Amino acid sequence: MPMTIDEYSQTLLDALIDELAIAIPRAFASLSDEFADLCGFAVGTTRLLEFIVPVFQRKSELSSGSGDFARFFPPEWAVLNNRDRSDSFGDGVETARKRLETHCSAGDYDLRASVSDAFLDSLLSLLVDLVRNNQLGQKTNDRYLTIWIAGDDLEWIIKASERLNTPELHQRVLSM
């Protein structure tokens, strides 16, 4: 059960999710247009919201020996722009992210933990809705979607994989 957060934190979180609801499909479409061989897309972040970036994988970047690990493990992927420049989803996302990060950094550990958990749950729900509404393309065994939390790799990669991908593709992730 998700933790509850105070009203002001929820307002800031809602503003960030609203911005991401516009920015994520736009980034996915842009990458799909730019790279015909796009085979992986993730939203990359940290538990402390230090950045939120689109992360992607291309079939042409996979070597014949890299196998499923490189295909399904976002730390091996390319980051749109780079981690030092976390505005790659756009100014609206970056502004909302900074407001929420600043608010959390001024609070105690429990506030930071509860907002982080609420953000990740909300982000996964948003991505599920975007997949359901076909804004990230149709589910296919050739394209992998997930969330990458830097430093907490497998937990969220697997949790998101189950909800965002076909059962066959998710089983391949579990067999890594």
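With which side chain does the side chain of Ser60 make a polar contact? In this predicted model, the partner is the side chain of Asp37, at 2.6 Å. The two residues are 23 positions apart in sequence. Their C-alpha atoms are 6.8 Å apart in space. Ser60 sits in the loop that runs between strand 2 (52-58) and helix 2 (67-72). Its relative accessibility is 48%, so Ser60 counts as partly exposed, the upper limit of that class being 50%.

A second serine, Ser114, has another setting. Ser114 belongs to helix 4. With a relative accessible area of 7%, Ser114 is buried, because that value is under 20%. A polar atom of the Ser114 side chain lies 3.1 Å from the backbone oxygen of Leu111. In general, residues three or four places apart on an α-helix point the same way, because the helix has 3.6 residues a turn.

Helix 4 covers residues 109-132, a run of 24 residues. At 1.5 Å a residue, this helix should span 34 Å. The C-alpha atoms at its ends are 34 Å apart, so the expected span and the model agree. Both ends of the helix show local features. At the N-terminal end, Asp108 acts as a cap. A side-chain oxygen of Asp108 lies 3.3 Å from the backbone nitrogen of Asp110. Just after the helix, Asn134 adopts a positive phi of about 60°.

The search for enclosed space covered the whole structure and returned one cavity of 30 Å³ or more. The largest cavity holds about 30 Å³ of space. Its lining consists of Phe41, Ala42, Leu127, Leu136, Leu145, Thr146 and Leu164. Six of these residues are nonpolar and one is polar. No charged residue takes part in the lining. Strand 1 (38-45) supplies at least two lining residues, as does strand 4 (144-149).

The cysteines were examined next. Cys39 has a relative accessible area of 1% and is therefore buried. Cys104 is also buried, at 8% relative accessibility. Both values fall under the 20% cut-off, which means that each residue belongs to the buried class. A disulfide is a covalent bond between the sulfur atoms of two cysteines. The structure holds zero disulfides.

Key
Residues are numbered from 1 along each chain as its sequence is written. This is a predicted model: local features need pLDDT of at least 70, side-chain atom pairs count only at pLDDT 80 or more; totals for chains, interfaces and linings use all residues. Side-chain values use heavy atoms; hydrogens and water are left out. Helices (H or I, at least four residues) and strands (E, at least two) are DSSP runs, numbered from the N terminus. The expected span of a helix is 1.5 Å times one less than its number of residues. A polar contact is a pair of N or O atoms within 3.5 Å; within protein, one must be able to donate a hydrogen and the other to accept it, and residues adjacent in sequence count only if both atoms are side-chain atoms. A disulfide is a pair of cysteine sulfur atoms within 2.5 Å. Buried means under 20% relative accessible area, exposed over 50%, partly exposed in between (1.4 Å probe, protein chains only). On a 1 Å grid over the protein atoms alone, a cavity is a set of points where a 1.4 Å probe fits but cannot get out, and a pocket is an open set with protein on both sides within 12 Å along at least five of seven lines; lining residues have an atom within 4 Å of a point. Grid points are joined across faces, edges and corners, and a volume is the space filled by probe spheres set on the points. Ala, Val, Leu, Ile, Met, Phe, Trp, Tyr, Cys and Pro count as nonpolar, Asp, Glu, Lys and Arg as charged, and the others, Gly among them, as polar.
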